[in-house]
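Here's a quick tour of a protein model for anyone who likes to poke at rings, pockets and contacts. Have the viewer open and follow along.

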Amino acid sequence: VANCVAALARRATWVIGWRTLWASLVTTVLTLALAFPYAYALVRTPSHAWRRFLLVSLFLPFFLGQVVRAYGWLIVLGRQGLVNSLLGLAGIEPWPLIYTPSAVVLGLVQYMLPFAVLMLAPALTAIPEEMELASASLGAGWVRTFTNVVLPLARPGLVAAGVVVFTLTFTEYAIPQIMGGGKFDFAAQAVYEAWFSTSDAGLGSA
């Protein structure tokens, strides 16, 4: 109890907690917004070649560790990275793209996207395509069919994907550490520092 009281009394606990919560929510929303059309295209495309391409693109990141992917973003977004090199060719000054909250969210979204697609694809597969065709035959446009037919029926998959992405993001350590440059600690980093930097196991547990 004393450790919990001490943890809650620290301003850093609240700052890190709110930062982790904000990043987790933003990452979850962006990931679901990108994963849903990807999963829909994967399930509904009539082209076998296009489906194979989407499947390979989906599973390819699993062959690379998250640390490797995070360092890959450093190469792309760093001050001397690909993006700033292209901006330099256009006569634009380098932008601080890395070691920012936006960079951390970008890395998290890229890491979580395959998990969300894998959770959404079965939910969309369970929706009969005939229901969408029936909606269209009754005069509903694509937007109305999507909002009134597809989205409600896919809600269980959206909820499951949202819970998985949010949970994994909230407890993530490597990507915030690498892409945040140690400037934007998340909850997992605070726990690690309490255990191994300050040797305060009670605070880390709390």
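Keep in mind that this is a predicted model. A good place to begin is Phe146, which is partly exposed at a relative accessible area of 22%. That puts Phe146 just past the 20% cut-off under which a residue would count as buried. From there we'll move on to the other rings, a salt bridge, the surface and the empty spaces.

**Aromatic rings**

- There are five aromatic pairs in the structure, and Phe146 takes part in the two described here.
- In the pair of Phe36 and Phe146, the ring centres sit 5.5 Å apart and the planes meet at 90°; anything over 60 degrees counts as edge-to-face, so this pair does.
- That contact links distant parts of the chain: Phe36 belongs to helix H2 (residues 11-44) and Phe146 to helix H8 (residues 142-153), with the two positions 110 residues apart.
- Trp142 and Phe146 make a stacked pair, because their planes are at 10°, under the 30 degree limit, with the centres 5.4 Å apart.
- This second contact stays within helix H8, where Trp142 and Phe146 are four residues apart, or about one turn of the helix.
- Put together, Phe36, Trp142 and Phe146 form one aromatic cluster.
- How buried or exposed are Phe36 and Trp142? Phe36 is buried, at 6% relative accessible area, whereas Trp142 is exposed, at 59%.

**A salt bridge**

- The structure has one salt bridge, and it joins Arg44 to Glu132, with the closest N and O atoms 2.7 Å apart.
- Arg44 sits in helix H2 and Glu132 in helix H7 (residues 129-137), so the bridge ties together parts of the chain that are 88 residues apart in sequence.
- Both partners, Arg44 and Glu132, are buried.

**Nonpolar surface**

- Leu55, Val56, Phe59, Leu60, Phe62, Phe63 and Leu118 make a nonpolar surface patch of about 670 Å².
- Which helix gives the most to this patch? That would be helix H3 (residues 48-59), with three residues.
- Val56, one of the patch residues, is located in helix H3.
- With a relative accessible area of 53%, Val56 counts as exposed, because the cut-off is 50%.

**Pocket**

- The largest pocket comes out at a volume of about 390 Å³.
- Its lining consists of 18 residues, and those nearest the pocket centre are Arg10, Thr13, Ala190, Val191 and Leu203.
- Helix H1 (2-9), H2, helix H11 (187-197) and helix H12 (201-205) each put at least two residues into this lining.
- The largest share of the pocket lining is six residues, and H11 supplies it.

**Cavity**

- Rolling a probe the size of a water molecule over the atoms shows where empty space is left.
- How many cavities of 30 Å³ or more turn up in the whole structure? The search finds one, and the largest cavity has a volume of about 30 Å³.
- The largest cavity is lined by Gln66, Arg69, Ala70, Trp73, Gly107, Gln110, Tyr111, Ile175 and Met179.
- Helix H4 (66-77), helix H6 (101-125) and helix H10 (174-179) are the elements giving two or more residues to this lining.
- H4 gives the most to the cavity lining, with four residues.

**Backbone and distances**

- Most residues other than glycine have a negative phi.
- Tyr99 has a positive phi of about 60°, although it is not a glycine.
- You'll find Tyr99 in the loop between helix H5 (82-89) and H6.
- Tyr99 is partly exposed, because its 36% relative accessibility falls between the 20% and 50% cut-offs.
- Ile16 is another residue of helix H2, and it is buried, with a relative accessible area of 15%.
- For a sense of scale, the C-alpha atoms of Ile16 and Ala121 are 34 Å apart in space, and these residues are 105 apart in sequence.

Note on methods
Residues are numbered from 1 along each chain as its sequence is written. This is a predicted model: local features need pLDDT of at least 70, side-chain atom pairs count only at pLDDT 80 or more; totals for chains, interfaces and linings use all residues. Side-chain values use heavy atoms; hydrogens and water are left out. Rings of Phe, Tyr and Trp (its six-membered ring) pair if their centres lie within 6.5 Å; planes under 30 degrees apart count as stacked, over 60 as edge-to-face and the rest as tilted. Buried means under 20% relative accessible area, exposed over 50%, partly exposed in between (1.4 Å probe, protein chains only). Patches are made of residues with over 30% relative accessible area and no salt bridge: like charges are joined within 9 Å, nonpolar side chains (Val, Leu, Ile, Met, Phe, Trp, Tyr) within 5 Å. Accessible areas come from the Shrake-Rupley method with a 1.4 Å probe; for residues, only the protein chains shown count as cover. A salt bridge is a side-chain nitrogen of Lys or Arg within 4 Å of a carboxyl oxygen of Asp or Glu. On a 1 Å grid over the protein atoms alone, a cavity is a set of points where a 1.4 Å probe fits but cannot get out, and a pocket is an open set with protein on both sides within 12 Å along at least five of seven lines; lining residues have an atom within 4 Å of a point. Grid points are joined across faces, edges and corners, and a volume is the space filled by probe spheres set on the points.
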